Amino acid sequence: MKKNRNQLYLIALGMLLFVSCSEKQQDLEVSSPNTKNTLSFYLTEAGVPEYKLTSNGESIIEPSKLGFEFQEDEPLTDGFKIISTEHHTVNARWEQPWGEFKTITDHHNEMVVHLQETKGQQRLVDVVFRVFNDGIGFRYKFPKQPHLNKVKIANEITEFTFPEEHKVWWIPVHSENSYYESFYRKTAISKTDTINTPATIETKSGKYLAIHEANLTDFASMTLRKTKNNQYTSELVPWADGVKVYAETPFETPWRTIIVADKPGDLVTSTLMLNLNEPSKIDDLSWVEPSKYIGIWWGMHLEKYTWGQGEKHGATTENTKRYIDFAAENGFDGVLVEGWNKGWDGDWTADGTAFSFTETYPDFDIEAICNYAAKKNVRLIGHHETAGAAAHYEDQVEDAFKLYQKNGVNAVKTGYVNKYLNKKEWHDGQYGVRHYRKIIETAAKYHIMIDNHEPVKGTGLQRTYPNLMTQEGGRGQEYNAWSADGGNTPEHTTILPFTRMLSGPMDFTPGNFDFDYKTPQNAMVQTTLAKQLALYVILFSPLQMASDLPENYEGKPEFQFIKDVPEVWSHTKVLDAKIGEYVVMARQDWDENSWYLGAITNAESRTLTIPLSFLDSGKTYEAELYTDGEDARYKTNPYPVIMANKTLNQGETLTLHLAPGGGAAVRFVLKDKN
């Protein structure tokens, strides 16, 4: 009997161990609709929440911790139990008012894991996972509860652990500037420190990942701190007092996103971020109008004009009317004017509280200018530079937008040229996030579109507020006028589509036609003329600028492409690309008639043969080609462009010869629309 009892005891103990091990090892799983991507969640023996991700069976994210630390409360990092789970599926299509795609499919499977502490205050937190065919998003939700009310978040413990050390394209956080205007560099993870998102990763197996966030609302921006050579941990941008986020339950975090792509072009065409934002909160969108514009802007950067008063003041009534005339003659919708308002004299970057957003300089008659523009079917595009004095701007913004609305101005470029907001807060901390949102919401009230410079990074909010048309948030064309390093390198724009552009539209301001200007810094546009044309297809912005001086376009036949090319697209396809080397992209216009193709290269010349399979079947197109001319090269001979016409259809190929720093732009027009 004793032997039997021992045997029964051992069997029972074994069963208990089996159940315990099974519970510890059993993962909660949710897969993408096509079953390609699988997200697994589990608790460790200590009750630590962890997740992992595979794609086609390949490990993408190894077990990685989830949790939060607070300044005045115990951390929420371990000791959890799973109290319940929910599973949901969404398969819907929605239409954008503007974008790189007219219609977007939101098809995902969702798993909500409800967690509770097993000891102490037994606090609650939910983790929501959504798995798409192109990647995953997850966020934390903190319900209202007795023992978690107002909190000061000290750290977010969200890890991204890779199976091995990969290569990453990245820019640093705050060390070079505070608004993402750095060159992207490609290194091993071990060579990075704390980096901004989107961070684009090339795995050793040849996949491409992009880590970012979506729906950044009343929270601090997430950066990535390297903790191991194969791991990043979320690092929230702090307030000046060191607190990362002030919050009160119930609240939820932004979505943490991972795009999973088999090739670089799949990063560009991912709609993951947009799908993780809320639908438009603006019911009437009839006033939201994509457009092309010119501006009294480049002349300031070249020191032909000044922002402040004086002999070379650019924002005069006479000069603005001259720009309006050029816009009307060439089919442009708007004229941006910088330096029109009081506050630009002296060192305006030192203290933005000198700016008035309702008082004009004496030589700028805003009412007369707007009336003149309206008669020519052109609008003034307003400009609000704050020099980072965000609170000062907020005090005036209602009156400023009222003034613009009264005069028919429906778009405003905002600016924040200063390392800090209010001389102490980061642009991408919770204060900055709140400020930029307030401006967007206030602008919507007055039917004004926003082009935000020196912003917090884009996270897809243009879906919720479609009047947030475009942003800077990257190293744009202006660096080619005054940057001490000589300007943007030829490879810069071959990297942007797979890095900065993943966060949303960019007001890069392409379109330079003059390469012979002289600046004290010896900066220059390091492209050919044909590449400047191609950038209108490659770099998306629904408010798209022709950045050069009007006189530099006059008499130039290549200018026709800028007049023809749309700002928004019904379809986008990346035909071929190698990050940092070349990009070939095709886009169809909003009405789904014509196609446009852009191809750009780095400092190396190359010949590309492109199948035209993107063209509509059974239809014939007249292709208008703008390609690099013989002996064109960005350093010594940027001007030659060969303009030609060819009749082409879907079954053919197109061979393009790109010069060093060069490109090609092609317009495909249906020969017979019937």
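In the predicted model, L53 is in contact with N37, T38, L39, E58, S59, I60, I61, I136, I258 and V260, its neighbours within four places in sequence being left aside. L53 belongs to strand β3, which spans residues 49–55. With a relative accessible area of 0%, L53 is buried. One of its contacts, I258, lies 205 residues away along the chain, yet the C-alpha atoms of L53 and I258 are separated by 9.7 Å.

A second buried position is T233, in strand β18 (residues 231–236). Its relative accessibility is 5%, and T233 therefore counts as buried, the limit being under 20%. Beyond the neighbours within four places in sequence, the contacts of T233 are E156, T158, E159, T223, L224, R225 and T227.

Strands β5, β10 and β19 form an open sheet of three strands, in that order, with antiparallel pairing. Its edges are β5 (68–70) and β19, each of which pairs on one side only. From one strand to the next, the twist averages 50°. Three bridges connect β5 with β10 (residues 150–156) in the antiparallel sense, and F70 has I153 of β10 as its bridge partner.

Strand β12 (residues 167–170) also takes part in antiparallel pairing. Four bridges link β12 to β13 (residues 185–188), while three bridges link β12 to β15 (residues 199–202). K167 figures in both pairings: A188 stands opposite K167 in β13, and E202 is the bridge partner of K167 in β15.

Among the helices, α7 (residues 390–406) and α8 (residues 430–445) pack against each other at an angle of about 5°, and their axes are 10 Å apart. Since angles under 35 degrees count as roughly parallel, α7 is roughly parallel to α8. On the α7 side, the contact is made by A390, A391, Y393, E394, V397, E398 and F401. The residues contributed by α8 are Y431, H435, K438, I439, T442, A443 and K445. Sorted by class, this contact comprises eight nonpolar, two polar and four charged residues.

Helix α8 has 16 residues and extends 23 Å from its first C-alpha to its last, close to the 22 Å expected at 1.5 Å a residue. The helix is mostly covered, with 12 of its 16 residues buried. These buried residues are Q430, Y431, G432, V433, H435, Y436, R437, I439, I440, T442, A443 and A444. The elements covering them include helix α7 together with strands β19 (245–248), β25 (411–415), β26 (449–452) and β27 (468–471). Strand β19 is also an edge strand of the three-stranded sheet described above. Just after α8, H447 adopts a positive phi of about 55°.

Within α8, A443 has a relative accessibility of 0% and thus counts as buried. Leaving aside its neighbours within four places in sequence, A443 is in contact with F401, I448, I450 and N467. F401 is one of the α7 residues that make the contact between the two helices, and I450 falls in β26 (449–452), one of the strands covering the buried residues of α8. A443 and G408 are separated by 35 residues in sequence and, C-alpha to C-alpha, by 13 Å in space.

A further open sheet is formed by six strands in the order β29-β30-β31-β36-β33-β34, with antiparallel pairing. The edge strands, β29 (569–578) and β34 (641–649), each pair on one side only. The twist in this sheet averages 15° from one strand to the next. Helix α11 (residues 529–538) packs on the sheet, where it touches β29, β30 (582–589), β31 (595–601), β33, β34 and β36 (663–670). The direction of α11 makes about 125° with that of β31. Towards the β34 edge, nine bridges join β33 (residues 620–628) to β34, and the two strands run antiparallel. In this pairing, N645 of β34 stands opposite E624. In a regular strand, side chains alternate between the two faces of the sheet.

Key. Residues numbered from 1 in each chain as written. Predicted model: local features only at pLDDT ≥ 70, side-chain atom pairs only at ≥ 80, totals over all residues. Heavy atoms only, no water. Pairing = 2+ DSSP bridges. Axes fitted to C-alpha atoms, helices over the stretch in contact; angles between N-to-C directions. Contact = heavy atoms within 4.5 Å. Parallel < 35°, antiparallel > 145°, perpendicular 65-115°, else oblique. Nonpolar A, V, L, I, M, F, W, Y, C, P; charged D, E, K, R; others polar. Expected span 1.5 Å × (residues − 1). Buried < 20%, exposed > 50% of the residue type's maximum accessible area, 1.4 Å probe, protein only.
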